[in-house]
Amino acid sequence: MSSALDSLLDLLDLEQIERDIFRGTSRSALVPRVFGGQVAAQALVAAGRTVPARSPRAAGEAPSGEIPAAHSLHSYFLRAGDPGAPIVYSVDRIRDGRSFTTRRVVAVQHGQPIFHLSASFQTYEDGLEHQADMPSAPDPESLPTTEQLLPRYADRFSDPAVVDRLIEARAAVDLRYVDAPPFGTVGEPREPRSQVWFRTNGKLADDPLLHVCMATYVSDMTLLDSVLLAHGRGGWAVGDVVGASLDHAMWFHRPFRADEWLLYDQESPSAYGGRGLGQARIYTQDGRLAITVIQEGVVRVPRT
C-alpha cells in the first residue's frame with residue numbers, strides 16, 4: 001500500500017466523539033477549500049457506521065447479522081469547507097426498516113453546515129436484472145499514469161507547481177485518462193464525453209463500505225471534465241473557468257472493489273446559467289455496471 005493511500009484511509013477513519021457524532025480532518029487541497037469528494041466520502045463513512053446488522057427474518061430468508069450495503073446517496077455542497085479546521089458529522093437515524101435503512105448527515109464547520117447528505121442502505125435480495133452495456137475502452141495498463149501524463153502539459157498551466165500538486169493530490173489513486181484531459185486540448189471544443197480508468201494504489205480491506213466510500217471520493221475528481229471539453233476549456237488550473245460542485249448523487253448497483261480497475265464513463269448533457277451537468281456510469285473491468293453518478297456544478301467563465 002502506498003503512503004498516500006494509507007494517509008487517505010486515515011482521513012476516512014473518523015473519530016467518534018458521541019453517539020451519531022463524528023469528527024474528521026482534511027488534507028491539503030488543490031484549491032483553498034476542502035475537496036468535495038473527501039467530504040462526501042467522510043459523510044458516507046459516518047452514515048454507514050450507524051447502520052446496525054439487520055434483525056432476524058422469517059424462515060427461508062437470508063440469515064440475520066448481515067450489514068445492509070449502501071445503495072444510494074444524494075448530497076448538496078452548501079459552503080466551501082475550511083481545510084484547516086475539523087469537520088463534525090452529525091447523523092440522524094431516519095429509518096431502520098426490514099429491507100432499507102436511511103440516514104441523514106450534516107457536516108458542520110465553524111458552527112455552519114457545509115454539506116448535507118442522505119444515504120440509503122439495503123440488505124441483499126434477489127430480483128430482476130439487466131444493465132446498459134459497457135462502452136469500449138482501451139486496456140488501462142496501456143494508458144499513461146498520472147506521473148507520466150501530467151508533465152506533458154506543464155506549459156498549459158500558469159503556475160508550473162500545479163503539475164506537482166496534481167500528482168500529489170491523486171497519489172492515492174491510479175487514475176488514467178483514455179483521451180487527453182481538458183487542459184490538454186484548450187481551445188479545441190470536442191464531444192462532451194470523457195473516460196478514465198481508476199483504482200486505489202494498493203489493496204483495501206474486505207469492507208464493502210470502504211470500497212463504496214473510496215469510489216465516492218474519486219467520483220468528484222473528473223466528472224465535470226466533460227462540461228469543459230464541450231467548450232474547449234482547460235479548467236481551474238489553466239484559469240479559464242472557475243467553479244465548484246453543487247450537488248452529487250450516486251447509485252451503487254452491484255458489488256465492486258475500488259482496488260481493482262473501474263471504468264468511469266462520463267458525459268455532459270447540458271450547461272446553462274453558469275451551471276454544468278455531468279452524468280456517468282462506472283463499470284468493473286469485466287463489464288458489470290457498478291455505479292451511476294450525476295453531479296451539477298458551478299462552471300463560470302472569469303470576467304476580464
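Biologist: How many residues sit between β4 and β5 in the hairpin?
Modeller: Three; β4 and β5 form a hairpin across them. This is a predicted model, to be clear.

Biologist: And in which sense do β4 and β5 pair?
Modeller: Antiparallel, over eight bridges, with β4 covering residues 87–96. Within that pairing, Val91 stands opposite Val105 of β5.

Biologist: What is on the other side of β5, towards β6?
Modeller: Strand β6, residues 112–122, runs antiparallel to β5 and is joined to it by ten bridges. Thr102 is placed opposite Ser120 of β6. These two strands also make a hairpin, with two residues between them.

Biologist: What about phi at His110 in that turn?
Modeller: His110 has a positive phi, about 50°.

Biologist: Which residues of β5 are on the covered face?
Modeller: Thr101, Arg103, Val105, Ala107 and Gln109. The uncovered face carries Phe100, Thr102, Arg104, Val106 and Val108. In a regular strand, side chains alternate between the two faces of the sheet.

Biologist: Changing topic. Which residues touch the most other members of the largest nonpolar core?
Modeller: Tyr89, Phe115, Met214 and Ile291, out of 68 residues in that core. A second core, separate and made of seven residues, includes Trp197, Leu263, Tyr283 and Leu289.

Biologist: What is Ile291 in contact with, leaving aside its neighbours in sequence within four places?
Modeller: Its contacts include Ala215, Met250, Trp251, Phe252, Phe256 and Ile282. His253, Ala280 and Arg281 are also in contact with Ile291.

Biologist: Met214 falls in α5, residues 208–222. Why is that helix described as largely enclosed?
Modeller: Because 13 of its 15 residues are buried. At the N-terminal end, Asp207 caps α5, with a side-chain oxygen 3.1 Å from the backbone nitrogen of Leu209.

Biologist: How many aromatic pairs are there in the whole structure?
Modeller: A search finds six. For Phe77 and Phe115, the ring centres are 5.0 Å apart and the planes at 55°, so that pair is tilted. Phe77 lies in β3 and Phe115 in β6, 38 residues apart in the chain. Phe77 and Phe115 are both buried.

Biologist: And what is the geometry of Tyr153 and Phe183?
Modeller: Edge-to-face, because the planes are at 75°, with the centres 5.8 Å apart. Tyr153 is in the loop between α3 and α4, and Phe183 in the loop between β7 and β8, 30 residues apart.

Biologist: Are those two buried or exposed?
Modeller: Tyr153 has 13% relative accessibility, so it counts as buried. Phe183 is at 7% and counts as buried too.

Biologist: Which residues make up the cluster of ring pairs?
Modeller: Tyr153, Phe157 and Phe183.

Terms used:
Residues numbered from 1 in each chain as written. Predicted model: local features only at pLDDT ≥ 70, side-chain atom pairs only at ≥ 80, totals over all residues. Heavy atoms only, no water. Buried < 20%, exposed > 50% of the residue type's maximum accessible area, 1.4 Å probe, protein only. Helix = DSSP H or I, 4+ residues; strand = E, 2+ residues; numbered from the N terminus. Polar contact = N/O pair within 3.5 Å; in protein donor to acceptor, adjacent residues only side chain to side chain. Pairing = 2+ DSSP bridges. Core = buried A, V, L, I, M, F, W, Y, C linked by side-chain atoms within 4.5 Å. Contact = heavy atoms within 4.5 Å. Phe/Tyr/Trp six-rings, centres within 6.5 Å; stacked < 30°, edge-to-face > 60°.
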